[in-house]
Amino acid sequence: MKNLQTFPAFIVDDDPFWTAILEQILIGIGITDIHTFEDGVDCLEQIHLNPALIFLDYQMSNSDGLDILQKIKASSPEVEVVFCTALESLEVAIAAMEFGSAEYLLKSTVTDEVVKELVSTFQSNKVA
Amino acid sequence: MEVSNRHFDRIFPFHFAMNSQGVLDFYGPGIGKMMGEVKGLHFDDLFEIERPTGTLFDFRLLSITADRTYLLKSKSSKETLFRGQFEFFPQDEVLIFLGSPWFSSIEELASNDLTISDFAPLDPLVDLLHLVKNQELVTTDLKELIDTMSVQKARLEELSYVASANSDGILFMDERGYITYVNEGYLRQTGYEAAEVLGRLPLDLGKGEETSQSEVEDMLTSFFKKESFKKEIKHYRKDGTWFWARINGQVVLNRKGEFLHFFTLVEDVSEERKSQQKVLEFEQVYRKVLEFSGDNVWELEFRNGQTFFSYKAQNFRGLRFNELENAGKKWFSQLHPEDQHLLIENDQNYKSGKISSHHLEYRILMENGGLKWVKDRGIVIERDPKGFPVKIIGTHSDITEQKASEKELLHLNKKLGSILNGLRDVIWSATYPDMKAIFFTPSVEELFEIDMDTMLKDNSLWREIIHPDDKGVIEEILREIEVKKDYSKEFRIITPSGRLKWVQSKGKIIVEDGDAAQVNGILIDITDRKRTETLLKSKDELKNILIEISSTYINIDLKEVDQKIHASLKKIGEFVTADRAYIFDYNLAEDTCSCTYEWCAEGISEEIENTQNVPLEFVPNWVEAHSKGEPFIVEDTAQLLQMGMEGLHEILEPQGIQSLIAIPMRYNEELLGFVGFDSVKTQHTYSQKEIELLFVFAQMLVNVQRRKQARTRIVKQEEKFRNIITNMNLGLLEVDLEEKVLHANQTFCLMAGVPTEELVGKKATDLLLDEGSKQILQEKSKSRKSGISDSYELKYRKPDGEYRWWLISGAPNYNDKNELIGSIGIHLDITEQKKLEEELMRQREEAEKSKRAKEIFFANMSHEIRTPMNAIVGMGDQLAKTSLNPQQERYMAAIQNSANHLMVIIKDILDLSKLEAGKMTIESIGFKPVELLDHIVGMMTARAESKGLDFFIETRDPRVCDVLIGDPIRINQILLNLLSNAIKFTEKGEVTIKMELLEDAERQQKMALRVRDTGIGMDEGFIQKGFEKYVQEDSTITRKYGGTGLGLSITQELVHLMGGSMDIVSQKGKGTEISIFLSFEKGDLSDLPVDAPKYIDHELIRGKKILVVDDNEFNRMVASTVLEQNEVQIGLATNGKEAVEELKKSKYDLVLMDMQMPVMDGVMATKIIREDLKSDIPVVALTAFAMKDDEEKYMAQGMSAFLAKPFQEEDLLHTISLLLLGKDAPMIPKKKEEAVSDPPFARYSVEGLERLSNGNPEFISKMMNLFKDTASATVVELQAAFESEKFDEVRKLAHRLKPSVKMLAIGEISEEIVELESGIVSEGNSERMSYLMTHIIEELQWVIQDINSKDY
């Protein structure tokens, strides 16, 4: 059994505000080892840190979230990637699911409860 | 494959054909040559069937035994045999014998005056004859040889006998064998002397080395037994040579039988021996020769019945011969049982001397089960003295393959034969260039009706039968064939029996050895095809005529109907070779019929005059047929008598009619008439096709007549309508495409005041209209050309100068062919209506004018009152800030109360004018109903208490949602109105307010707000009258209670605007309860408007220089006072012009600009500031024109912000603070109405952050600063991107910004930023996007500033 909280979590987003919010939320639910990246390439370079969770922005100025998602899944299929988007678009969500993102998070409606529930779902999946 | 008689002739020159009677029909050239002319002779006259024996001629039997070989014997003296088979051709009912004469030698052939070339090259007989010939030659040689030999042999024998007397040796010997006598002969034979011989033993003298010892011993044995002997031995001479000696030894006894001596005759047989050897050698050679000519050579010795086979017998594979077996017996045993009789017969014939040679063909069964055909030929080579054969020699040849190929050939012939004879077309061959017929297939006889022989003999015949008109075709053919080497022609022939046939002839030159040798071709009877073609052609022609007629009819001008019908009668009449064509109409009501159209050929009398109202009883046959829908046809009048139709004959005969046809004309089931055609000069038989097409013609006639009738009806109807129009006093005018009058009715002429004769032919527009109207009309006529009809009004000036108004309904006018020929207009004089209408218009305009005047009045009043009120309120406020003594304070309070009261009245009036102008809008924003209620109660409590009334909230339904969507200001206004009325009109008792939930739907709530009082009440009439404006129930009330009387009606209007209703229950003197019912959407907290606290930055304002522009001194004073208190330097200007001058002179930070000023108003001044001075100094519009769309109007004219007068001090400072904030001064968000002090809504919120961090101030501080930094950067980026039109960049920035805006709940722009993100790429810098950009940036800047000032 892998306790998600003991593994590093990545936040990949070029919006420092959002990154800070999410960081706060994650700390709130007990995740301490949080790495933040401003673009996908940096994230990929650090993938050896073996994160259990990656919060990935869909629309970054320097990289395409979907593209990064595929790369992450290609190198570390077991990592849980949460797709974060400010787009309230179902299509992006579906695309993300197809590419192996387990969940997606709408930035506009995010609360600590939502993230908490999401992480605990992952956790229970791991247990199962 | 085309097979012709020519082929037959080649393959079976000896064929002949018989009909079922057995009479010969045609035959091959070979038969002709052998038997002469045999056509017409019976089979039995010519032949008997030799084999199968006993068969008699039986056509049927022969027809079905095609696979049998027959041997026919000619009944001529030569008794020639014909071998072949019969082939039956069922189509032609002929039986053809396919075979050839069966000769066993060339001589036989020659004796029949035939040569090999009379046979088909493939005929096996030819091969056979060649073989026989060869063999004959060999046999002849052999015979000669044998004959020579026999002669020699006989001669030798003779010689030997003679010599015996002279030259044979004779010896006598005693009992012991010693020679006692020798003659001269022996001495000559041996060369001894007599003395040397006598007393010696013969053996000692004659025996030598090669003398056969056994023969000698035999002789000695015979000698000592005293027996005779005869031996041939080699006898030696004295010189040692030897000769063949035949030794005849004989004992000579005396009469007593006692031995006298032994007599020995020695014959020299050397020569004989030599001959014998020669014969032997010859026979061997002969055998070999035979063996070459056959597979086996055999030899039969009749004396002992022995048969010898050469080794070649082995060649019959599958037949093994045992050496011990008699080959002949074995052979016979293997013979096919059916063929055994052949050999037996043959043997007997030989034995009886009937034949000296034979030739048989029979079948041998092989041991492996196979079967071989054998050709067995033989000849006698030795006879006994009586001439009977002793020895026969012969050959066996394997002819199995030959037989097979023969069979195949026959099969092929059979096939070819059936095809050739089955052919209807004629295949022919002729010499080239003289075109002499060589050959025709039998079908030629049928085609030309000339028999084949005649055809072949007389070359000119077939030229003669060519139709006289087509004779030239021969030359054409010859020419064509010379040039093109082939040809194809169609021409007519007339056969001897007088029949006309169409023939297609095709031919082609056949080149042999490079020369054009002959022409082969085919003749096809195409009469049927031609007949069909002609029929088709005639049908087509008739069809074409009909099509032509129908096309004429389709576009027929109905005036021309008669002429066209006449023409078509002629056309069809001529086509069917009729001499008279006519149409009759039936009048079934009167039982008559009448001719309506008639056409007659030249020389034929017209009958139309005589055929009017003909009683139907005169033409019963016609009527009878026609009523059934059938044509009435008389093919040949002459035959009517025979058919027992005297009556009809009597009618037609006198008119000289030979044939006639009358086709009924029917429409639906109704019989209208008929169209008929009489043939007078010739008789005409109508084909089915013709009749069908004539029916079509009849139908066309019906059609065109009906159209004519319809047309007549239309004309009548037209007339009717014209009359109606005239009677209804409608002017009717028809003009052509050039606007020239075609027709004008009387009414029109009266209307126009122009007589008809002056109108018709004139250009209506020129005649009737002035320039202005002409233009209208030209447009109308243009639209007529596109098929548009419409109505319009026109002012017409009559010649007498009177103006009339016309309503004209115009429509394009088409002729029968649907061509536009002009337009038609119906004119109605509407001058009276028009006058009425003008009057109404004028009245309405006046009403409008007065309404506008009212509005202007209200606006002016608003301005005129507000301006001084502004001063009163402003100055009052300022005065109240100074230190006043109690009395002064009381006065002050009174002033302010009055001012407030006045403001309410003004607001009522303004509201009403807004309502009337439809400019009042209802907002949909979130509000908290409970708060609203509490607030109002709070506002009114003091007033109620001052009158000593009980004032409280009676019900506050807890089910009412916390937040509803609606217009809180207006609800506030309504309740204030109701409450203030209630308080006003209640002297004692209570005033209560209730809020009740009536309906609670998923998304909506309906509630009732009730205000109840115990006041004076209203009577029923007043309530029902509705709350007329400016009216109070009793004018005394006004005096007593004051007020504008507008309250209730405004309230009602507002309630209606909100989709609600109002109910009043009142009793005079008892009290009133007014209920309003309103529905609201449910909302939540997020729907509540975020109202920022007024942001006033005193530091920022301090020391700034502001220009106050207002023509009203008090207003300038109010503004100045407020500003000066905030340490602002003031500049003053009384109008726009001064302001501009002032701005040119000194530098200002901001301008407060009144909008309505003399000399130059604020709008103009701002324009100059912006355009001429190119200054972006913030300009705040101040106006008392607080109408709905004022704000937008001023903002669009370059103002930076807008303030309605009278303004509150803090509003002014707030506006100024914002404007002074930066270069990009934000616009001031729309001010809320002052009547309600809305609960303060924050423009942003840290609640979200607090929630996330459990109120961790560090986090909040960090986030706020983070937001401040990122948002500041984003604002700059946004502006840059938007200005350089990088809209996608804008989109991305907006997108990135979105979550933080949401998180900080910056309500003002949280929707707008979504809108910006989704719309910017497609809309670019549209007005909306520009606004969003500005607004978002402004809001962000405000938030940033606020965060800054709050120092998180």
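**Exercise 1. Work out how strand 3 of chain A sits among its neighbours, starting from its pairing with strand 4 of chain A.**

Solution, step by step. Keep in mind as you go that this is a predicted model.

- Step 1. Begin with the pair itself: strand 3 (residues 53–57) and strand 4 (residues 80–85) of chain A run parallel and share five bridges. Along this pairing, A:Val81 in strand 4 lies opposite A:Ile54, and A:Cys84 in strand 4 is the bridge partner of A:Asp57.
- Step 2. Now turn to strand 1 of chain A, which pairs with strand 3 in the parallel sense through four bridges. Here A:Phe10 has A:Ile54 as its bridge partner in strand 3.
- Step 3. Put the pairs into the whole sheet: it is open and parallel, with five strands of chain A in the order 2-1-3-4-5. Strand 2 (34–37) and strand 5 (103–106) are at the edges with a single partner strand each, so one side of each has no neighbour in the sheet. From one strand to the next, the twist averages 20°.
- Step 4. Add the helix: helix 3 (residues 65–75) of chain A packs on this sheet and touches strand 1 (9–12), strand 3 and strand 4. The direction of helix 3 makes about 155° with that of strand 3.

**Exercise 2. Decide which way the residues of strand 3 of chain A point, and follow A:Ile54 into its surroundings.**

Solution, step by step.

- Step 1. Check the cover: five of the five residues of strand 3 are buried, and the strand is mostly covered.
- Step 2. Sort the directions: A:Leu53, A:Phe55 and A:Asp57 point one way, while A:Ile54 and A:Leu56 point the other way. Residues on both sides are buried.
- Step 3. List the contacts of A:Ile54, leaving out residues up to four places away in sequence: A:Phe10, A:Val12, A:Cys43, A:Ile72, A:Val79 and A:Val81.
- Step 4. Step back to the core: the largest nonpolar core holds 66 residues, and A:Ile54, A:Phe55 and A:Leu56 are among those with the most contacts inside it. The largest share of this core, nine residues, is supplied by helix 45 (residues 1327–1350) of chain B. A second, separate core has 55 residues, including B:Phe12 and B:Phe88.

**Exercise 3. Describe the chain B side of the contact between chains A and B.**

Solution, step by step.

- Step 1. Count the residues: chain B puts in 16 and chain A puts in 15.
- Step 2. Find the elements: helix 41 (1247–1253), helix 42 (1257–1283) and helix 43 (1287–1303) of chain B each give two or more residues to the side that touches chain A. Helix 43 gives the most, with eight residues.
- Step 3. Sort by class: this side of chain B has seven nonpolar, four polar and five charged residues.

**Exercise 4. Trace the open sheet of chain B that contains strand 22.**

Solution, step by step.

- Step 1. Read the order: six strands pair in the antiparallel sense as 24-23-22-27-26-25. Strand 24 (614–615) and strand 25 (632–634) are the edge strands, each pairing on one side only.
- Step 2. Zoom in on one pair: strand 22 (residues 580–587) and strand 23 (residues 592–600) of chain B are antiparallel over eight bridges. In strand 23, B:Trp599 is the bridge partner of B:Ala581.
- Step 3. Place the helix: helix 23 (residues 688–727) of chain B lies across strand 22, strand 26 (659–667) and strand 27 (670–679), at about 45° to strand 26.

**Exercise 5. Tell the buried side of helix 37 of chain B from its exposed side.**

Solution, step by step.

- Step 1. Pick out the buried residues of helix 37 (residues 1136–1145): B:Gly1136, B:Ala1139, B:Val1140 and B:Leu1143.
- Step 2. Look around the axis: these residues span an arc of only 100°, so they lie on the same side of helix 37. An α-helix has 3.6 residues a turn, so residues three or four places apart point the same way.
- Step 3. See what the buried residues pack against: strand 40 (1105–1109), strand 41 (1129–1133), strand 42 (1150–1154) and helix 38 (1162–1171) of chain B.
- Step 4. Finish on the other side of helix 37, where B:Glu1141, B:Lys1144 and B:Lys1145 are exposed.

Technical notes: Residues numbered from 1 in each chain as written. Chains lettered and ligands numbered in written order. Predicted model: local features only at pLDDT ≥ 70, side-chain atom pairs only at ≥ 80, totals over all residues. Core = buried A, V, L, I, M, F, W, Y, C linked by C-beta atoms within 7 Å. Buried ≥ 20, exposed ≤ 12 C-beta atoms within 10 Å, placed from the backbone. Contact = placed C-beta atoms within 7 Å. Nonpolar A, V, L, I, M, F, W, Y, C, P; charged D, E, K, R; others polar. Pairing = 2+ DSSP bridges. Axes fitted to C-alpha atoms, helices over the stretch in contact; angles between N-to-C directions. Arc of directions from axis to C-beta.
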